[in-house]
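Colleague: I am new to reading protein models, and I would love some company. Could we go through one together, question by question?

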Amino acid sequence: MRVLPLTVTALAAALLLTACNDSGGGKNGKSSSACQIGGVSVQIGAASMAPKAGDTGEVPVSITNQSTPCTLDHFPSALLHTGSTEADVPVQQGAKAQKLKLAKGDSATFTITYVRGKEGDKASLAAKSVKIALPGSDSSRSYPWSYGPVATKSGSTTPDASVSAFQQVGD
């Protein structure tokens, strides 16, 4: 007679533990949803500017989750705008994307690396702004580009620039 209550208790405990172990990766788990520009703050940090044509500069971009848990799963998107044209910044050669889950208050960064072009040169993009989008999101936001013209790769309109993979900030 005692075996039945112990079995029921053990089964109930196992079900309770299984329910608590949900990683949020299922269809109903909100923590696996893509981070959205409106749910995170995006800050363009103090750049290591390229002082003259041919020099390389780096522009750090920080993302802090201000909302419900979300995921960064792939690479960020960066488009350089000149006013009349736009150019997609390619992913850094050899970079490997990692899936990052950001709880509220968590941060991640990526870097836009660029080669400065010559002012007024046809082989340069006179970038005025950069539009940032997060992977899995349809929204984007533009930020001023004050780091000078960006060189293009030889014989193309592709900027001599790249975006890195996301890196987790902190623990």
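Colleague: Let me start with two cysteines: are Cys35 and Cys70 buried or exposed?

Modeller: Good place to start, and please keep in mind that this is a predicted model. A residue counts as buried when its relative accessible area is under 20%. By that cut-off, Cys35 and Cys70 are both buried.

Colleague: What do Cys35 and Cys70 form, and how far apart are their sulfur atoms?

Modeller: The structure holds one disulfide. Two cysteine sulfur atoms within 2.5 Å count as such a pair. Cys35 and Cys70 form a disulfide, and the distance between their sulfur atoms is 2.1 Å.

Colleague: Which parts of the chain does that pair link, and how many residues apart are they?

Modeller: Cys35 sits in the loop between helix H1 (3-20) and E1, while Cys70 belongs to strand E3. The pair therefore links distant parts of the chain. As for the handedness, the torsion about the S-S bond is about 85°, so the disulfide is right-handed. Along the sequence, the separation of Cys35 and Cys70 is 35 residues.

Colleague: Let me step back to the whole chain: how many helices and strands are in it?

Modeller: Reading along the sequence gives the pattern α-β-β-β-β-β-β-β-β-β-β-β-β-β. In that pattern you can find the helix at the start, followed by the strands. The count for the chain is one helix and 13 strands.

Colleague: What percentage of the residues in the chain is buried?

Modeller: The chain has 171 residues. Its accessible surface comes to about 10200 Å², with 53% of that belonging to carbon and sulfur atoms. Among contacts with a separation of 6 or more, 75% are between residues 24 or more positions apart. The buried share of the residues is 36%.

Colleague: Which strand supplies the largest share of the largest nonpolar core?

Modeller: In soluble globular proteins, nonpolar side chains tend to be buried together. Here the largest nonpolar core has 32 residues, and Ile112 and Trp145 have the most contacts inside it. Several strands each supply at least two residues of this core, including E1 (40-44), E2 (56-65) and E7 (107-115). The largest share, four residues, comes from E7.

Colleague: Trp145 sounds worth a visit; which residues does it contact, leaving aside neighbours within four places in sequence?

Modeller: Contact here is a matter of heavy atoms within 4.5 Å. Trp145 itself is buried. Its contacts beyond those neighbours are Val59, Leu80, Ile112, Tyr114, Ala127, Lys128, Ser129, Val130 and Val150.

Colleague: What kind of aromatic pair do Tyr114 and Trp145 make?

Modeller: The structure holds four aromatic pairs. For Tyr114 and Trp145, the ring centres are 5.2 Å apart. Tyr114 lies in strand E7 and Trp145 in the loop between strand E10 (140-144) and strand E11 (150-151), so the pair ties together parts that are 31 residues apart in sequence. The planes meet at 75°, so the pair is edge-to-face.

Colleague: Which residues form one aromatic cluster?

Modeller: Tyr114 also pairs with Tyr147, in a tilted arrangement with 6.5 Å centre to centre and 40° between the planes. Tyr147 is in the loop between E10 and E11, so this pair ties Tyr114 to a part that is 33 residues away in sequence. Tyr114 and Tyr147 are both buried. The members of the cluster are Tyr114, Trp145 and Tyr147.

Colleague: Which residue's backbone nitrogen lies 2.9 Å from a polar atom of the side chain of Ser164?

Modeller: Ser164 is in the loop between E12 and strand E13 (167-169). With a relative accessible area of 14%, Ser164 is buried. Leaving aside neighbours within four places in sequence, its contacts include Phe75, Pro76 and Phe110. The backbone nitrogen at 2.9 Å is that of Thr111.

Colleague: One last one: what is the phi value of His74?

Modeller: His74 lies in the loop between E3 and E4. The residue is partly exposed, with a relative accessible area of 48%. Its phi is positive, in a residue other than glycine, with a value near 135°.

Key:
Residues numbered from 1 in each chain as written. Predicted model: local features only at pLDDT ≥ 70, side-chain atom pairs only at ≥ 80, totals over all residues. Heavy atoms only, no water. Core = buried A, V, L, I, M, F, W, Y, C linked by side-chain atoms within 4.5 Å. Buried < 20%, exposed > 50% of the residue type's maximum accessible area, 1.4 Å probe, protein only. Phe/Tyr/Trp six-rings, centres within 6.5 Å; stacked < 30°, edge-to-face > 60°. Areas by Shrake-Rupley, 256 points an atom, 1.4 Å probe, with all protein chains shown as cover. Polar contact = N/O pair within 3.5 Å; in protein donor to acceptor, adjacent residues only side chain to side chain.
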